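This report covers a helix pair and then a few single residues. Keep the sequence and the model side by side while reading.

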Amino acid sequence: MPMPIAVLVSGSGSNLQSLIDHAERGSLDARIVLVVSNKPGAYGLERAERHGIPGTVISHAEHPDRETFDRELVRTIRDAGAEAVVLAGFMRILTPVFLRSFPQRVINIHPALLPSFPGVHGQAQALDHGVRLSGCTVHFVDEKGDHGPIII
């Protein structure tokens, strides 16, 4: 049985679309049960809707601090029945409140090869550095930024 997952997005959802496509083809043993955006109007929510996947907005601006925001994320994800979380262009740093709620079950898609080029501008850093080979990293998220065991 495919693992139920939640996908967190902040923008266009191009990585979400790839996850949807692979799940629909059966090449990803997961079922996306929820898409959450921290930004109203994120195109990723439209992608989810087109594929019949429930989506919701939890705006970080409506919460007094990161921990309160993360507690609301945890509650919403658990209510949807997700067992793991994929960060697909989610532009928020998650607190220990969130990460400890899903230990070793939060995966990030980072647009550069880690441990080189962490942070928001990984691709630009790689280009500025003059690397001849670039790519992306999928890794488990821990409490350090763009760190954690690499999956691929």
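The axes of helix H1 (residues 14-25) and helix H2 (residues 43-50) come within 9 Å of each other and cross at roughly 15 degrees. Axes here are lines fitted to C-alpha atoms, for helices over the stretch in contact, with angles from 0 to 180 degrees between N-to-C directions. H1 is therefore roughly parallel to H2, a label for angles under 35 degrees. The crossing of H1 and H2 is right-handed, meaning that the near helix is turned clockwise from the far one by less than a right angle. Helices (H or I, at least four residues) and strands (E, at least two) are DSSP runs, numbered from the N terminus.

This is a predicted model: local features need pLDDT of at least 70, side-chain atom pairs count only at pLDDT 80 or more, and totals for chains, interfaces and linings use all residues. Residues are numbered from 1 along each chain as its sequence is written, and side-chain values use heavy atoms, with hydrogens and water left out.

**The H1-H2 contact**

Ser-14, Leu-16, Gln-17 and Ile-20 of H1 meet Gly-44, Arg-47, Ala-48 and Arg-50 of H2. Contact means heavy atoms within 4.5 Å. By class, three residues in this contact are nonpolar, three polar and two charged. Ala, Val, Leu, Ile, Met, Phe, Trp, Tyr, Cys and Pro count as nonpolar, Asp, Glu, Lys and Arg as charged, and the others, Gly among them, as polar.

**The two sides of H2**

Which residues of H2 are buried? They are Gly-44, Leu-45, Arg-47 and Ala-48. These residues cover an arc of only 155 degrees around the axis, so they sit on the same side of H2. The arc is that of the directions from the helix axis to the C-beta atoms. Buried means under 20% relative accessible area, exposed over 50%, and partly exposed in between (1.4 Å probe, protein chains only).

The buried residues of H2 pack against strand E1 (3-9), H1, strand E2 (30-37) and strand E3 (55-57). The face of H2 turned away from its buried side carries Glu-49 and Arg-50, which are exposed. After H2 comes Gly-52, with a positive phi near 70 degrees.

**Single residues**

The table gives location and relative accessibility.

| Residue | Location | Relative accessible area | State |
|---|---|---|---|
| Pro-4 | strand E1 | 8% | buried |
| Val-33 | strand E2 | 11% | buried |
| Gln-104 | loop between helix H4 (96-99) and strand E5 (106-110) | 48% | partly exposed |
| Thr-137 | strand E6 (residues 137-140) | 3% | buried |

Contacts below leave out residues up to four places away in sequence. Pro-4 touches Arg-31, Val-33, Gly-81, Ala-82, Glu-83 and Ala-84. Its C-alpha lies 11 Å from that of Leu-28, 24 residues apart along the chain.

Val-33 is in contact with Pro-4, Ile-5, Ile-53, Pro-54, Ala-80, Gly-81 and Ala-82. Val-33 and Ile-58 are 25 residues apart in sequence and 16 Å apart in space, C-alpha to C-alpha.

Thr-137 touches Asn-108, Ile-109, His-110, Ala-112, Leu-113, Leu-114, Ile-150 and Ile-152.

What is the phi of Gln-104? The phi of Gln-104 is positive, about 55 degrees, although Gln-104 is not a glycine.

Conventions: Parallel < 35°, antiparallel > 145°, perpendicular 65-115°, else oblique.
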